[in-house]
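Grab a pencil and work through these short exercises. Each task comes with a solution in steps.

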Amino acid sequence: MSNVKQKVRAEEAEHPIAPYLRMDRIPHIWCPTCGIGTVVKCYATALEEAEVDLDKTAIISGIGCTGRVAGYMKLDAFHTTHGRAIPFGTGLKLGRPELNVTVFSGDGDLVGIGGNHFIHAARRNIDLLVILVNNFIYAMTGGQNAPTTPLVARSSTMPFGNYEAPFNIPNLAKCCGATYVARWTCLHIRRVTKAFREALGKKGFRVIEVITPCATLYSRLNKLGTGLDLMKFYHDEADICHGADTRDVEIDFQSRIVCGKFVDEEKPTFSERREEHYRNKLGDDFVGMPSEGGWLHE
Amino acid sequence: MKFWRKPLDYDKVSVPHGTVTIIKDRCKGCGFCVEYCPKDVLVMSEGFNKKGYHPPEVVKEGECVNCNLCEMICPDFAIFSVAIPEDEAPENEEEASEEGELDDED
């Protein structure tokens, strides 16, 4: 009896994440054991728990494996050119201040090709949530050396090991002025979800770095086993250290990964500063942007 | 479940139960759910799905505690668990309480 009941349930049942995804595009193209799907699930759960208005939420991604996310999420989405997710998000946020804008992209896209946009958006403190999925390599194009590839790790353009110093993303974000900086691995599902939920309720330039396994390229080129082996490695080597000095959280090849929330502070955002400045300068002549809808609002 | 010492609120705490549903054709056989299930409810099956991967299967029916970990960690959105309401609770609740009583003797 219970078997029959369960079979009926299995046929009828739809995954709880279904309202947040464009189900006609599922199954997605990510490789087996890739962690990006887990991060998407965590983001969808955070949206659900934070009870944000989905009509007022937009998601922007660039190019790359993680760039596919904008196409899979059932939100207002835009898939920009390589590295230009943050400029598009900046324009969207300034034009439609009522939107909750998330930039969801990879390490090569955000700090490699779009590195300049990243530091300037952080400097100006644009009101964006940046989810940076770090797999240490340019995975979609064939495993080229990325600005986050750790020293001595191999990539397809550095077959004898990488000799360039990598970026320390939390430190970069903090030094440029981000208001919320956290790093987790995609094994810390509850904590990643909590970080997303927390960041969705804040203002300013918020950066959450999520480390994910790349079994097809990073792991294969470095002989690290499958994605499951990398997950076990994160389990053994990830240390949670909230409020750690971001200068000490650099990632070396197969070394300790310091996770946690490093920065959480309040600062006036770009729009608030602009508003305040013009109000001081122009007085009553200044006509501010209506906070509920921007100029396009009918 | 075996306790070294019986918890003080043992009678009040009710263990939740869940049913795991696997959408087999969406699975890519990464094995995350099998590895991280706290109750070892799942194993990799011998059979293949449409794409040629081995999807997981449920072996310990009724032991799922509806922690949703498999649902959260699955990168392919292929598995989820749904809570069973209290009145439909499975039979093994009696077993659990019996074990608890056994522990109580010493």
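**Exercise 1.** Is A:F136 buried or exposed?

*Solution.* Before counting, note that this is a predicted model, where local features need pLDDT of at least 70, side-chain atom pairs count only at pLDDT 80 or more, and totals for chains, interfaces and linings use all residues. Residues are numbered from 1 along each chain as its sequence is written, with chains lettered from A and ligands numbered from 1 in the order in which they are written.

- Cut-offs: buried means 20 or more other C-beta atoms within 10 Å of the residue's own, exposed means 12 or fewer, and partly exposed is in between, with C-beta atoms placed from the backbone.
- A:F136 has 28 such atoms within 10 Å, so it is buried.
- Now the backbone: A:F136 isn't a glycine, yet its phi is positive, about 70°.
- Most residues other than glycine have a negative phi.

**Exercise 2.** Place B:N66 in its chain and classify its exposure.

*Solution.*
- B:N66 sits in the loop between β3 (56-58) and α2 of chain B; helices (H or I, at least four residues) and strands (E, at least two) are DSSP runs, numbered from the N terminus.
- With 16 other C-beta atoms within 10 Å, B:N66 is partly exposed.
- Its phi is positive too, at about 55°, and B:N66 is not a glycine.

**Exercise 3.** Which two residues does a cis peptide bond join?

*Solution.*
- The bond links A:I26 to A:P27, with omega about 10°.
- A:P27 belongs to the loop between α1 (2-12) and α2 (36-50) of chain A.
- Most peptide bonds are trans.
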